[in-house]
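User: I'm new to reading protein models and I keep tripping over the vocabulary. Could you take me through this one and explain how each label is earned?

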Amino acid sequence: MAQQLQEQVERERQLEISRMDLITSVSHDLRTPLTSIIGYLDLLKKQAFQDEQEEARYINNAFNKTQQLKKLIDDLFEYTRLSHGDVQLNLQEVDFHSLIEQMVSEFEPVAREQGITLIQELSPDPVIMSMDVEQMVRAIDNLLMNATKFSLVPGEVKISLVTGEKYVQLSVENQGQPITKEQEELLFQRFYRMEPKQNDMYMPPGYGLGLSIARNIVELHGGRIWLDHQQGDYRFCIEMKRSMYTSSEQQEE
């Protein structure tokens, strides 16, 4: 009983530390863009600009900061909701292959602006699976954004989909700056983030929640997500059980 009590006290202590860390991180990340927005609006209110071009720049900068703020709030809300474990997935039968192709096609213009080429290595046949499409799209989009943001330029991001008899594995690979084993272990933790190769208008700044959200979504689907890293070669993998087979596969069986 004494040992159980000690473990309970330690769990509660760690939980309190986690809560305080969350509050500190959120407060800092909310304050930074909000301070900028207030500053730009104050300049506009005082008409402290030299010409219409500078006025337009202030307005544009303030708008971009509001978008950053919205993204942080959306990510934080989604992370909190997923972490509670009471999320009801809206499962649908979809062709995972076609979904990946569509996502890569839509993401290509963003990657191209960053000097990144997307390469697809997908199995030719349909891959019918049961999943919450909206949530899974968010998880995969986070992986694509992460790979593009941290790739060497010019570079490539390779998206592979391999199907087995019981499992489907999606991988997103890129080459970037090497990290340590300690950093690898922290990547999926909330609010852990690294400096990207560059910052610009096409890639919104990260707040260290994207990979955490992706992990929660994949695990809610009964799958797993992990990173293979060797000297700057990154390979993020999602593995999920096959829930259905194509009609041609059923006939072969």
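**Labels and how they are earned**

Analyst: Let's begin with N174. Leaving out residues up to four places away in sequence, N174 touches A147, F150, S151, E156, V157, G232, D233 and Y234. Keep in mind that this is a predicted model.

User: Where is N174, and what makes it buried or exposed?

Analyst: N174 sits in strand β5. Its relative accessible area is 7%, and buried means under 20%, so N174 is buried.

User: What makes the N174 and S151 pair a polar contact?

Analyst: The two side chains come to 3.3 Å, and the cut-off for such a pair of N or O atoms is within 3.5 Å. So the label polar contact fits N174 and S151. Another neighbour in space is T148: its C-alpha atom is 7.8 Å from that of N174, though their positions lie 26 residues apart along the chain.

User: Why is the pair K158 and E173 called a salt bridge?

Analyst: The closest N and O atoms of K158 and E173 are 3.9 Å apart. The limit is within 4 Å for a Lys or Arg nitrogen and an Asp or Glu oxygen, so the pair makes the cut. K158 belongs to strand β4 (residues 155-163) and E173 to strand β5 (residues 167-175), so this bridge ties together parts that are 15 residues apart in sequence.

User: What makes K158 and E173 partly exposed?

Analyst: Partly exposed covers what lies between under 20% and over 50%. K158 has 26% relative accessibility and E173 has 22%, so both get that label.

User: Which other salt bridge does E173 form, and what does it tie together?

Analyst: E173 also bridges to R235, with the closest N and O atoms 3.8 Å apart. R235 is in strand β7 (residues 233-241) and E173 is in β5, so parts 62 residues apart in sequence are tied together. R235, at 26% relative accessibility, is partly exposed. Through shared partners, salt bridges join E121, K158, E173, D228 and R235 into one network.

User: How do you know that E54 and R57 form a salt bridge, and how far apart are they in the helix?

Analyst: Their side chains meet at 3.4 Å, N to O, which is within 4 Å, so that's a salt bridge. Both are in helix α2 (residues 52-83), 3 residues apart, so about one helical turn separates them. E54 is buried at 16%, whereas R57 is partly exposed at 44%. In the whole structure, the search finds 9 salt bridges.

User: Why is the aromatic pair called tilted?

Analyst: There is 1 aromatic pair in the structure. The rings of Y40 and Y58 have centres 5.8 Å apart and planes at 40 degrees. Centres within 6.5 Å make a pair; planes under 30 degrees apart would be stacked and over 60 edge-to-face. An angle of 40 degrees is neither, so the pair is tilted. Y40 lies in helix α1 (residues 2-45) and Y58 in helix α2, so the pair links distant parts of the chain, 18 residues apart. Y40 is partly exposed at 22%, while Y58 is buried at 9%.

User: What makes D125 count as buried or exposed?

Analyst: Its relative accessible area is 53%, and exposed means over 50%, so D125 is exposed. D125 is found in the loop between β2 (116-122) and β3 (128-132). From D125 to T163 it is 9.3 Å, C-alpha to C-alpha, with a sequence separation of 38 residues.

User: Which residues touch the most other members of the largest nonpolar core?

Analyst: F96 and I140 do, in a core of 48 residues. Not counting residues up to four places away in sequence, I140 touches F96, I100, M103, L170 and I238. In general, nonpolar side chains in soluble globular proteins tend to be buried together.

User: How many helices and strands does the protein have, and how much of the protein is buried?

Analyst: It has 7 helices and 7 strands, running α-α-β-α-β-β-α-β-β-α-α-β-β-α from the N terminus. Buried residues are 36% of the 253 in the protein.

Technical notes: Residues numbered from 1 in each chain as written. Predicted model: local features only at pLDDT ≥ 70, side-chain atom pairs only at ≥ 80, totals over all residues. Heavy atoms only, no water. Helix = DSSP H or I, 4+ residues; strand = E, 2+ residues; numbered from the N terminus. Buried < 20%, exposed > 50% of the residue type's maximum accessible area, 1.4 Å probe, protein only. Phe/Tyr/Trp six-rings, centres within 6.5 Å; stacked < 30°, edge-to-face > 60°. Core = buried A, V, L, I, M, F, W, Y, C linked by side-chain atoms within 4.5 Å. Contact = heavy atoms within 4.5 Å. Polar contact = N/O pair within 3.5 Å; in protein donor to acceptor, adjacent residues only side chain to side chain.
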